[in-house]
Amino acid sequence: MLAPLLWITWGWKPLPPDSPRALLRVSDRTAQIGRDDRAKLGPFRPLHLWHITSPSPRFGGYSALLAMPEGDFLALSDRNSWARFAVPMRAGRATAKTGRLIYERRLDGGYSGFDVESAVLDPIDGSLWVGAEGGDRVFRLARRGLGVQAFSIGPMKAWPRNGGAEAMARLRDGCWMILCESCAFDTAGAHLGLLFSGHPGRSPLSPFRIVLPEGFDPVDMTPLPDGRLLILTRRLNLFPLHFESRIVLADPAQIDRRRALRTTELARIDGQNLRENYEGMTLLPGSGRQMVLWLISDANDSAFQRTLVLELAFDPLQFPLIR
């Protein structure tokens, strides 16, 4: 029973001093995506699969991914650090700007970081909102480093230790949503979510339930232009030991406190060369009606895992209706 825990956590190191840049090596693994792997992706068409390595001990562990207004990506780590790197990606050598994110002063005078799991860039004022594992708070980082605010959310106090704001999104109508990673109610896959009329911790909230694939937990989500929601889910399979991911579609307009919100499975990511611990997801426009979904994996600073970036094209009009 301890084997999965050892596999995931083996090799963790203390956070190194601040380093303004990390050297990267980007390898194109797209050719390794097999025919069966592509078939399991359903309406998504793989454009690229990138494998990123770096000698920097700060690099890796990414649990959230954001497309920034400047045209690059911001990846946030569960080791309380961040990296910004350019898109489109290209094979070869590259660099990423890096830094630390949020620290809290302890009673002994030291500092503690946060296990960041989710992030949303507020389009209204440009502030960055992050959710962390192991607590009942979300954090707002003002633009240009002008300060950090923490907001406690009452219902999250009762969530499991690893419950936190694992997945968080600002919906197209201005509401916000948070999903708990391990708050499963039953074997049918119903998980706990919170819907806010505005910013989390600063507006009224309504709890709801959402049905996800059995055994899978939510790890990220991103809204589509039509108001529906793409949710990235994940589970750890023991035999053989590996992560499996699924992407499901939800319609927040169907949230009803009397019944669990239904979702529709769109894709499975479970091929030998494709699967990894994907935790971050963001969306960019493509050509015509096409959009591009980007996923990033959390390598957990483990020799057995990889930092992968998967680039998927799709036409949202080809998605099925949710009944």
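**Surroundings of Glu 276 and Ser 206, and the largest pocket**

The side chain of Glu 276 comes within reach of the backbone nitrogen of Arg 306, at a distance of 3.0 Å, in what is a predicted model. A further polar contact, of 3.5 Å, links the side chain of Glu 276 to that of Gln 305. Glu 276 is placed in a loop, the one that runs between strand S20 (263–269) and strand S21 (278–285). Because its relative accessible area is 7%, under the 20% limit, Glu 276 counts as buried. When neighbours within four places in sequence are left aside, the residues in contact with Glu 276 are Phe 243, Ser 245, Ser 297, Gln 305, Arg 306 and Leu 308; Gln 305 and Arg 306 thus appear in this list as well as in the side-chain contacts of Glu 276 described above.

With regard to the chain as a whole, 2 helices and 23 strands are assigned, and 54% of the 323 residues are buried. Of the contacts between residues at least 6 apart in sequence, 52% join residues that are at least 24 apart. The area exposed by the chain is about 15,100 Å², and 54% of that area is supplied by carbon and sulfur atoms.

The largest pocket holds about 1,200 Å³ of space, and its lining is made up of 45 residues, with Leu 66, Met 68, Pro 69, Leu 121 and Leu 128 lying nearest the centre. Two or more lining residues are given by each of strand S3 (62–67), strand S4 (72–77), strand S5 (81–86), strand S9 (116–121), strand S13 (167–170), strand S17 (217–223) and S21. Of these elements, S21 is also the strand that follows the loop in which Glu 276 is found. When the lining of the largest pocket is divided by class, 28 residues are nonpolar, 7 are polar and 10 are charged.

A second site that was examined is Ser 206, which belongs to strand S16 (residues 205–211). Since its relative accessibility is 31%, which lies between the limits of 20% and 50%, Ser 206 is classed as partly exposed, whereas Glu 276 is buried. Apart from neighbours within four places in sequence, Ser 206 is in contact with Gly 193, Leu 194 and Leu 195. For Gly 193, which stands 13 residues from Ser 206 along the chain, the separation between the two C-alpha atoms is 8.5 Å.

Notes
Residues are numbered from 1 along each chain as its sequence is written. This is a predicted model: local features need pLDDT of at least 70, side-chain atom pairs count only at pLDDT 80 or more; totals for chains, interfaces and linings use all residues. Side-chain values use heavy atoms; hydrogens and water are left out. Helices (H or I, at least four residues) and strands (E, at least two) are DSSP runs, numbered from the N terminus. Buried means under 20% relative accessible area, exposed over 50%, partly exposed in between (1.4 Å probe, protein chains only). A polar contact is a pair of N or O atoms within 3.5 Å; within protein, one must be able to donate a hydrogen and the other to accept it, and residues adjacent in sequence count only if both atoms are side-chain atoms. Contact means heavy atoms within 4.5 Å. Accessible areas come from the Shrake-Rupley method with a 1.4 Å probe; for residues, only the protein chains shown count as cover. On a 1 Å grid over the protein atoms alone, a cavity is a set of points where a 1.4 Å probe fits but cannot get out, and a pocket is an open set with protein on both sides within 12 Å along at least five of seven lines; lining residues have an atom within 4 Å of a point. Grid points are joined across faces, edges and corners, and a volume is the space filled by probe spheres set on the points. Ala, Val, Leu, Ile, Met, Phe, Trp, Tyr, Cys and Pro count as nonpolar, Asp, Glu, Lys and Arg as charged, and the others, Gly among them, as polar.
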